[in-house]
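Subject: The structure we talked about

Hi,

Here is the structure I promised you. Open it next to this email and follow along as you read.

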Amino acid sequence: MFHTKRIRNKWNVPAAFAAGVVFCLLIFLLVKVMPQFNRNEETLIVLTARSETIYQGENLPELSAGAEFADGTGTKEKEAWLSKEAGYRVQDLLDDLNEGGDYEVECDADGSEAGEFPIRIRLSGELESSLESEWKGKVRIEVKDGTLTVKKDSSEAGK
């Protein structure tokens, strides 16, 4: 009365292998390729205080810093607009930082004591405000301290 049919497996080994390869390719695309399309367009500028060395008793040198784009920054990121109305791009910000604008470089040393002292960078309030509001997601500034090394008196250096 009841007929039982035997269900044949229509999947053969080559088809299963091909399906596995397609599955792996899809995973690869999701993990490796898709994040590049959704990549954050934020440009990273690294502002680094220049390290200095003096001898005890000498006047403190003029403290300075240098700005550069992080490794791997492309032309598109460098030329991104921060303010179209003002005609101000990320490259213009980097140039202004290299001219010494919008930050102060400070150190607590006075040159009378030997030792190593941190050279810190303090961004201006206006720059901090712009980075946190209108430029948020467009550019970020990473600040790196330097070191002022005060060596013992130069007459004692050879001793």
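R122 is a good place to begin: with a relative accessible area of 42%, this residue is partly exposed. Please keep in mind that you are looking at a predicted model. R122 forms a salt bridge with E104, and the closest N and O atoms of that pair are 2.7 Å apart. Because E104 lies in strand β6 and R122 in strand β7, the pair ties together parts that are 18 residues apart in sequence. E104 counts as partly exposed too, at 45% relative accessibility.

R122 has another partner to look for. E106 forms a salt bridge with R122, with 3.2 Å between the closest N and O atoms. This pair also links distant parts of the chain, since E106 is in strand β6 and R122 in strand β7, 16 residues apart. How exposed is E106? At 27% relative accessibility, E106 counts as partly exposed.

Now move along to D108, which forms a salt bridge with R120; here the closest N and O atoms are 3.1 Å apart. D108 sits in the loop between β6 and β7, while R120 is in strand β7, and the two are 12 residues apart. D108 counts as exposed, at 64% relative accessibility, whereas R120 is partly exposed, with a relative accessible area of 25%. Which residues do shared salt-bridge partners join into one network? They are E104, E106 and R122. In total, the structure holds six salt bridges, so you can hunt for the others yourself.Let's step back to the protein as a whole. The protein has four helices and nine strands. Starting at the N terminus, its elements follow the order α-β-β-β-α-β-β-α-β-β-α-β-β. The protein has 159 residues, and 24% of them count as buried. The accessible surface of the protein is about 11800 Å², and carbon and sulfur atoms account for 52% of that. Among contacts in the protein with a separation of 6 or more, 66% are between residues 24 or more positions apart.

Next, the sheets. A general point first: strands of a sheet pair through backbone hydrogen bonds, either parallel or antiparallel. In this structure, four strands form an open sheet in the order β2-β9-β7-β6, with mixed pairing. Strands β2 (52-55) and β6 (103-107) are the edge strands, each pairing on one side only. On average, neighbouring strands of this sheet are turned by 20° against each other, with direction ignored.

Find β2 and its partner β9 (residues 146-151): the two strands run parallel and are joined by four bridges. T53 stands opposite T149 in β9. Is T149 buried or exposed? T149 is buried, because its relative accessible area is 19% and the cut-off for buried is under 20%. Leaving aside neighbours within four places in sequence, T149 is in contact with E52, T53, I54, G115 and E116.

Another open sheet is made of three strands in the order β3-β1-β8, again with mixed pairing. Its edges are β3 (65-69) and β8; each has a single partner strand, so one side of each is left without a neighbour in the sheet. From one strand to the next, the twist averages 20°. Strand β1 (residues 43-49) pairs with β8 in the parallel sense over six bridges. If you want one pair to look up, the bridge partner of T48 in β8 is K144. Helix α3 packs on this sheet and touches β1, β3 and β8, and its direction makes about 160° with that of β3.

Last, have a look at helix α4 (residues 125-132). Which of its residues are buried? They are L127, S130 and L131. Seen down the axis of α4, these buried residues fall within an arc of 100°, which means they line one face of the helix. G125 and E132, on the other side of α4, are exposed. And what covers the buried residues of α4? The cover includes α3 (90-98), β7 (115-123) and β8 (139-144).

Enjoy exploring, and write back with any questions!

Best wishes

Technical notes
Residues are numbered from 1 along each chain as its sequence is written. This is a predicted model: local features need pLDDT of at least 70, side-chain atom pairs count only at pLDDT 80 or more; totals for chains, interfaces and linings use all residues. Side-chain values use heavy atoms; hydrogens and water are left out. Two strands pair if DSSP finds at least two bridges between them. Axes are lines fitted to C-alpha atoms, for helices over the stretch in contact, and angles run from 0 to 180 degrees between N-to-C directions. Buried means under 20% relative accessible area, exposed over 50%, partly exposed in between (1.4 Å probe, protein chains only). Contact means heavy atoms within 4.5 Å. Accessible areas come from the Shrake-Rupley method with a 1.4 Å probe; for residues, only the protein chains shown count as cover. The arc is that of the directions from the helix axis to the C-beta atoms. A salt bridge is a side-chain nitrogen of Lys or Arg within 4 Å of a carboxyl oxygen of Asp or Glu.
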